[in-house]
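Colleague: Hi! I have a few quick things to ask about this one. Could you pull it up so we can look together?

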Amino acid sequence: MERIIVIDFGGQYNQLIARRVRECNVYSEVYPNSISMDEIRAMAPQGIIFTGGPNSAYKEDSPSISAEIFELGIPILGICYGAQLMAHLLGGKVATAPTSEYGRTKVSVMPSSILFKNVSIDTIAWMSHTDYIAEAPEGFSITASTRVCPVAGMANAQKKLYAVQFHPEVNHTVEGQKIIENFVYQVCGCRGEWKMSSFVQDTVVGLKKRIGDGKVLCALSGGVDSSVAAVLLSKAIGKQLTCVFVDHGLLRKDEGDEVEAVFGPNGAYDLNFIRVNAASRYYEKLAGVSEPEEKRKIIGEEFIRVFEEVSKKIGAVDYLVQGTIYPDVIESGLGKSATIKSHHNVGGLPDHIDFKEIVEPLRLLFKDEVRQVGRELGIPEYLVSRQPFPGPGLGVRIIGEVTPEKVRIVQDADAIYREEISKGIDRWRAGELDGAAKNIKTGVVAFDESSEGHKLTKAQKAVNRKGLYPVWLPDQYFAALTNMQSVGVMGDGRTYDHAVVLRAVHTSDFMTADAVHLPWEILDITTNRIVNEVKGVNRVLYDCTSKPPGTIEME
């Protein structure tokens with residue numbers, strides 16, 4: 001199998017680099033910089049990518065790697081810190097830049113470099129660096145520069161060593177994917193043969209062999225990840241699988257009943273299904289706890305303890321299946337990368353688990369890849385396209401202590417918000433709300449009614465929008481509860497109640513995200529309904545923060 005490995009030097013975009021390589025239909029995985037040369041030789045990758053990182057390459061305690069890696073004959077692309085490290089290890093000079101560069105920057109590239117094939121001579125890239133390459137190593141030519149950075153790109157084409165000071169993996173680098181494709185196809189010679197169909201086939205075979213005749217419990221939340229994991233395991237081992245749905249009281253409004261309707265005894269799948277109503281148990285454990293990481297770890301441990309109890313009731317169980325995906329693993333900490341947050345099914349697990357082994361068949365997939373696996377398995381589109389919901393549920397959408405009253409507030413506010421966005425889509429299709437249209441499956445913008453000279457009748461708009469969605473439709477949206485109370489006036493009287501925050505983002509990979517410019521009409525109606533219909537709320541806020549610097553979830 002074709003493989004390009006990403007070596008992590010502490011950057012927060014490492015998983016995004018791997019994701020971009022996979023968009024080229026080439027398998028990619030992130031490894032810590034402690035990986036040995038023997039391990040790399042054994043994998044025989046087609047290429048290697050060095051990630052960025054916050055350190056200075058010339059300092060003794062900074063992350064590094066053996067210079068032997070440059071003699072393996074494997075193409076290497078260094079990005080940001082990875083570029084500086086390459087220069088430093090090969091005899092170039094890295095120093096503090098006279099002028100730091102952050103954000104979108106005009107970069108001039110040499111079109112003769114294979115890395116910049118079909119890239120504009122002057123392109124826009126995302127910079128984030130304090131140090132810079134002052135002198136390229138011997139044997140390297142300079143292939144890109146900016147107004148203040150003389151070596152924004154360098155290459156030793158003979159040894160297939162390439163480096164860029166900017167981040168081609170982020171969406172803000174306009175032609176970044178072209179650069180990654182050039183490295184993958186032109187430099188590394190990959191053919192792009194890694195497909196989700198082959199992943200499903202190989203995983204089913206692998207699960208059968210690994211599990212044998214063992215009994216398996218699957219943690220089924222009803223979300224995309226756990227649903228795909230459950231159906232994948234069912235395809236591999238059939239009735240050896242028991243799916244356990246733990247309703248921890250932190251789900252969206254009526255969601256517990258909806259999950260049971262789909263996967264339960266009368267649902268579409270022939271699964272052994274058990275529902276455990278554990279809301280009071282979770283509320284008791286979370287009482288008085290406000291620190292986000294502590295909440296996640298409590299939810300994670302209780303999650304496992306419930307499964308242990310269920311397994312004892314149904315007899316000896318060998319394996320526990322979870323819908324862990326790659327961003328969960330990365331954000332919970334890999335090598336020396338910073339831990340962004342402990343996911344309840346990764347970094348939040350207790351030290352002792354009463355199962356032979358935890359099985360995570362989706363552990364190395366990104367969210368959109370998981371959705372594609374679901375389609376390959378024949379799971380209905382309305383389930384496959386469902387918005388992500390965190391395992392800790394509303395526990396991380398409530399800032400501070402979790403109480404039944406706060407859960408009620410978030411559930412009711414979130415239900416109103418979701419309902420009004422749905423109504424907004426209907427009004428848009430009827431031509432009553434402005435906005436360009438796009439096809440959800442392809443992302444192609446079909447028309448832009450805001451463009452100059454564009455005029456459509458209401459009937460024409462309705463016809464043209466059949467099967468389309470407005471470009472403002474978020475990839476994820478929800479209501480959360482702040483830990484703030486404020487003074488308000490309702491019914492000529494003073495109130496001192498909670499503030500709800502609405503969140504809506506556009507994202508292709510859930511590792512970076514931009515806040516959505518929702519039509520004001522939707523926000524206005526939603527705000528009025530929440531304040532009037534949800535007891536205990538007198539203020540509604542809208543979160544305009546991107547990821548980074550924020551995260552999609554509140555905690």
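Colleague: Let's start with the cysteines. How far is the sulfur of C149 from the closest cysteine sulfur, and in which residue is that one?
Modeller: Keep in mind that this is a predicted model. The closest cysteine sulfur to that of C149 sits in C80, 9.6 Å away, which is too far for a bond.

Colleague: Is C149 buried or exposed?
Modeller: C149 is buried, with 1% relative accessible area.

Colleague: And C190, what is the distance from its sulfur to the closest cysteine sulfur?
Modeller: That distance is 5.3 Å, to the sulfur of C188. The cut-off for a disulfide is 2.5 Å, so the C190 sulfur is too far for a bond as well. C190 also counts as buried, at 7% relative accessibility.

Colleague: Then how many disulfides turn up in the whole structure?
Modeller: Zero, after a search of the whole structure.

Colleague: OK, switching to pockets. How much space lies in the second largest one?
Modeller: About 400 Å³.

Colleague: Which residues lie nearest the centre of that pocket?
Modeller: G53, P54, C80, S128 and H167 lie nearest the centre, out of 24 residues that line the second largest pocket. You'll recognise C80 from before, as the residue holding the closest cysteine sulfur to that of C149.

Colleague: Which elements give two or more residues to that lining?
Modeller: Helix 1 (14-22), helix 3 (81-89), strand 5 (93-109) and strand 6 (122-135) do. Strand 6 gives the most, with six residues.

Colleague: How do the lining residues divide into nonpolar, polar and charged?
Modeller: The lining of the second largest pocket has 14 polar residues, eight nonpolar ones and two charged ones.

Colleague: You mentioned strand 6. Where does it stand in its sheet?
Modeller: Strand 6 belongs to an open sheet of nine strands with mixed pairing, in the order 2-1-3-4-9-8-7-5-6. Strand 6 is at one edge and strand 2 (27-32) at the other; each has a single partner strand, so one side of each is left without a neighbour in the sheet. The twist from one strand to the next in this sheet averages 20°.

Colleague: What about strand 5 and strand 7, in which sense do they pair?
Modeller: Strand 5 and strand 7 (residues 141-145) are antiparallel, with two bridges between them. V109 has A144 in strand 7 as its bridge partner. Strand 7 also runs antiparallel to strand 8 (residues 153-156), joined by three bridges, and there S141 stands opposite A155.

Colleague: And which way do strand 1 and strand 3 pair, parallel or antiparallel?
Modeller: Parallel: strand 1 (residues 3-8) and strand 3 (residues 47-50) share four bridges. V6 has I49 in strand 3 as its bridge partner.

Colleague: Last topic: what is the strand order in the open sheet of five strands?
Modeller: The order is 12-11-10-13-14, and the pairing is parallel. Strand 12 (272-277) and strand 14 (357-359) are the edge strands; each has a single partner strand, so one side of each lacks a neighbour in the sheet. Neighbouring strands here are turned by 25° against each other on average, direction ignored.

Colleague: How many bridges are there between strand 10 and strand 13?
Modeller: Three, in the parallel sense, between strand 10 (residues 216-219) and strand 13 (residues 319-321). C218 stands opposite V321 in strand 13.

Colleague: Great, thanks for walking me through it!

Notes. Residues numbered from 1 in each chain as written. Predicted model: local features only at pLDDT ≥ 70, side-chain atom pairs only at ≥ 80, totals over all residues. Heavy atoms only, no water. Buried < 20%, exposed > 50% of the residue type's maximum accessible area, 1.4 Å probe, protein only. 1 Å grid on protein atoms, 1.4 Å probe; cavity = no way out; pocket = protein on both sides within 12 Å on 5 of 7 lines; lining within 4 Å. Points joined across faces, edges and corners; volume = space filled by probe spheres on them. Nonpolar A, V, L, I, M, F, W, Y, C, P; charged D, E, K, R; others polar. Pairing = 2+ DSSP bridges. Axes fitted to C-alpha atoms, helices over the stretch in contact; angles between N-to-C directions.
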